[in-house]
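Here are my notes on the model, point by point. Please read them with the structure open.

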Amino acid sequence: MDIESSTQEDGSQKVANDYLELLKTSFEWRYRTGNDVWSHEKALRAVTAWLLEHMDGHPPLKVLDVGIGTACNTTAVLEAGHHVTGIDLIEPPVWESLRQRWGDALTLICSPFQEWQGPKQAFDFALDLGCLHHQHPAEYSSYLRKVAAHLKPQGRFGLCVYEEPGENTEHGRMETTDHGRLAKCFTLVEAGELLASAGFKVRAVQRIHRPALDRVYLALVGELTA
Ligand SMILES: C[S@@+](CC[C@H](N)C(=O)[O-])C[C@H]1O[C@@H](n2cnc3c(N)ncnc32)[C@H](O)[C@@H]1O
């Protein structure tokens, strides 16, 4: 996908809608064919455990999980006693049993996050385990501002993205995966600037190695400053 020319010809909103359809197709295919490697990845479990350490306050905190998928990684948050609202583009079959298991502690909503009309200033913590880095780059800023809008003042945001694997410490590469799904590799500089542009001050950073791919997850905790 030629992001530049598509943006110029069609306008960013149209590109974003077309791209959301592509994302839906890709993720639906991934879950249907058992190619959702992230659902069973030790590295993402480790990221979640690290982020849990930054959920300050007595449970139940109200946690928003953007791109919750099968909730495999969010289970630790639920087990810690927090209440989770999970949004996802598609509804994996496991959601039905998750609803029965967790009752009121887990609310699952099938919607693009961009279109979700949830409560503002309602959540103590927002989680994004591998969702932002697949969005269209034209949407990074508005996506993060939307995350901020749903958080309470001083709310925290735990973000996990692919880290740029090369030497460049300023600009990370954009990769393309199945169905044309984008995968942005962030440098710490880029991720920090993006978070700052949405009102977050970075409180903590962690890198977690993914042995199978010899790549690294970059996890950050941001806190709303205003
Ligand atoms: C890499 S998976 C990670 C899933 C989950 N966070 C985990 O840790 O297992 C990314 C998830 O984000 C969802 N997703 C991608 N773009 C989305 C969007 N714009 N709105 C809502 N969900 C989205 C996908 O359907 C997929 O389930």
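**Notes on the ligand site and the fold around it**

1. A backbone N or O atom of Leu 129 lies 3.0 Å from a nitrogen atom of the ligand. That is a polar contact, meaning a pair of N or O atoms within 3.5 Å; within protein, one must be able to donate a hydrogen and the other to accept it, and residues adjacent in sequence count only if both atoms are side-chain atoms.

2. On provenance: this is a predicted model, where local features need pLDDT of at least 70, side-chain atom pairs count only at pLDDT 80 or more, and totals for chains, interfaces and linings use all residues. Residues are numbered from 1 along each chain as its sequence is written, and side-chain values use heavy atoms, with hydrogens and water left out.

3. Side chains also reach the ligand. Asp 88 places a polar side-chain atom 2.6 Å from a ligand oxygen atom. In the side chain of Gln 135, an N or O atom is 2.9 Å from a nitrogen atom of the ligand. The protein covers 99% of the 590 Å² of accessible area that the ligand has on its own (Shrake-Rupley method, 1.4 Å probe).

4. Which residues are closest to the ligand? They are Tyr 31, Gly 67, Asn 73, Asp 88 and Phe 113, out of 21 that surround the ligand (a heavy atom within 4 Å). By class, this shell has 13 nonpolar, 7 polar and 1 charged residues; Gly counts as polar here, and Tyr, Cys and Pro as nonpolar. Helix α2 (residues 12–32) gives the largest share of the shell, 4 residues. Helices here are DSSP runs (H or I, at least four residues), and strands are E runs of at least two.

5. Phe 113 has a ring partner too. Its ring centre is 5.2 Å from that of Tyr 143 and the planes are at 70°, so the pair is edge-to-face. The cut-offs are centres within 6.5 Å, with planes under 30 degrees apart counted as stacked, over 60 as edge-to-face and the rest as tilted. The pair links distant parts of the chain: Phe 113 is in the loop between β3 (106–110) and β4 (123–129), and Tyr 143 is in helix α6 (residues 140–150).

6. Check two backbone details. Pro 59 and Pro 60 are joined by a cis peptide bond, with omega about 5°. Ala 71 is a non-glycine residue with positive phi, near 65°.

Methods
Rings of Phe, Tyr and Trp (its six-membered ring) pair if their centres lie within 6.5 Å; planes under 30 degrees apart count as stacked, over 60 as edge-to-face and the rest as tilted.
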